[in-house]
Amino acid sequence: MKKTISTKPLTVEEALQRIKQDLQATSGEEQLAIRSALGRILAEDVLSRINVPPYNNSAMDGYVMRGADLPKEGKTQITIIGTSYAGQPYSETIQAGQCARIFTGAVIPAGTDTVIMQEHVEKQGDTITIGAEHKKGQHVRPVAEDIAIGQIVLRAGKQLTPADIGLLASLGVPEVRVKRRLRVAFFTTGDELRAVGEMLESGQIYDSNRYTLYGMLTHLGVDIIDMGVVGDKPEDIENAFLSAASCSDAIITSGGVSVGDADYVTDTLRRIGEVNFWKVAMKPGKPLTFGKVQAAVFFGLPGNPVSAMVTFYQFVQPALRRMMGQNAVAPVRLTVPCISPLKKSPGRIEFQRGILENNEQGDLVVRSTGKQGSGILSSMSQANCFIILPIECGGVAVGKEVLVEPF
Ligand code: AMP
Ligand code: MG
């Protein structure tokens, strides 16, 4: 990594670009049973070794016959000579003038190609009468209609969803190769922080960032090393950095990245690691340090609880996904009318907290969660999206369209 210490804040795009340039997917793979692979990142393409469906089969309950026997006009009579059940095929070849009873999913017997729905026949004993309204080949699901032998069904870099593990099961694949889990160590910094369960004395607050970080990292599916709270002492911070670097691929801290007297995180990183950048022109979250301690990637998030979450979602999450070997997925963003006025001054991009919902007409609209201070964690709790206001925006009037990123 280049040591580029500029004092001018980067734009969000520049910061994302720098992070991207500096990261690779970690190596290391393992073979897992498909259930255990849920949520993991595929390490190789999966090709199908079978056709799905494996044979031509009926899409309906009814009668299966030769399309050539269909009457062009009037009616015709066909003799029922057997039955094809799902799981119990009819093994004889069906001749002209003959048909078989067939059920959904059952194999289309040799000689036949067309299914007549049971509702569309008149049945008397062993004979059915059918009209001229049918088409050769109807109601047959052809072999390999879904997936053909040799086809790539899932690509390396995909995070496996419930549908994916079902798809793998449908191909008879019992195990897949996945990327190993990423190890992420994190700690919070601040002399004022107390753990839940402790009593608060004057000037102290509860440490919430360690919980939001725990939650966001757990959702990402990484291995977590929670190193607790570290006080605002340079030696303690340095020791925590070194022990985190010895056991993790990435280190995340909160607090101590501004330029206050007790803000030692960036200085420590400069001393024992490398600082790539430490300021981004955004609100909330202006101080944000990115760099490296030994082989571990380092993110120093701001201490304010909303800033810590916003910077995690915008920078840390895509970075960790990249390290996990996941293919880049651009966040979904929508343009919707805003039904509350939004305050903003031009100069920095803002990630305000919003509630995206359907109004009474069923149209999508967004409203503000209210106060937007970077310490107001309840705004993140109420929100289901960021309202992204561009640098030049100087506020939003009711009814104006805004860009929204659901989370
Ligand atoms: P800092 O970035 O260390 O200057 O902290 C900025 C603000 O965030 C201060 O008001 C801190 O008390 C608060 N803060 C820092 N860390 C945490 C934390 N882990 N949980 C809750 N609030 C915090
Ligand atoms: Mg602090």
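Okay, let's start with who surrounds ligand 1: by class, the shell has four nonpolar, ten polar and three charged residues. Keep in mind that this is a predicted model.

So who sits where? Of the 17 residues around the ligand, the ones that come nearest are E192, D207, S208, G256 and G303.

Two of those names come back when we look at polar contacts. S208 uses its backbone: an N or O atom there lies 3.0 Å from a nitrogen atom of ligand 1. G303 also works through the backbone, with a polar atom 3.0 Å from an oxygen atom of the ligand. Then there's N209, and here we're talking side chain: one of its polar atoms is 3.4 Å from a nitrogen atom of ligand 1.

How much of ligand 1 does the protein bury? Taken alone, the ligand exposes 480 Å², and 77% of that gets buried by the protein.

Which pocket is this, if you rank them? The space that ligand 1 takes is the second largest pocket. As for secondary structure, two elements give two or more residues to the shell: strand 13, running 183-189, and strand 15, which is 205-206.

Okay, zooming out to the whole chain. It's divided into four pieces: domain 1 covers 12-28 plus 181-324, domain 2 covers 44-52 plus 145-179, domain 3 is 57-141, and domain 4 is 334-406. If you want a feel for the layout, the centres of domain 2 and domain 4, taken over C-alpha atoms, are separated by 40 Å.

That's my tour, happy to go back to any of it.

Methods
Residues numbered from 1 in each chain as written. Chains lettered and ligands numbered in written order. Predicted model: local features only at pLDDT ≥ 70, side-chain atom pairs only at ≥ 80, totals over all residues. Heavy atoms only, no water. Near = heavy atom within 4 Å. Polar contact = N/O pair within 3.5 Å; in protein donor to acceptor, adjacent residues only side chain to side chain. Areas by Shrake-Rupley, 256 points an atom, 1.4 Å probe, with all protein chains shown as cover. 1 Å grid on protein atoms, 1.4 Å probe; cavity = no way out; pocket = protein on both sides within 12 Å on 5 of 7 lines; lining within 4 Å. Sits in = over half its atoms within 2 Å of the grid points. Helix = DSSP H or I, 4+ residues; strand = E, 2+ residues; numbered from the N terminus. Nonpolar A, V, L, I, M, F, W, Y, C, P; charged D, E, K, R; others polar. Domains from an automatic or database assignment.
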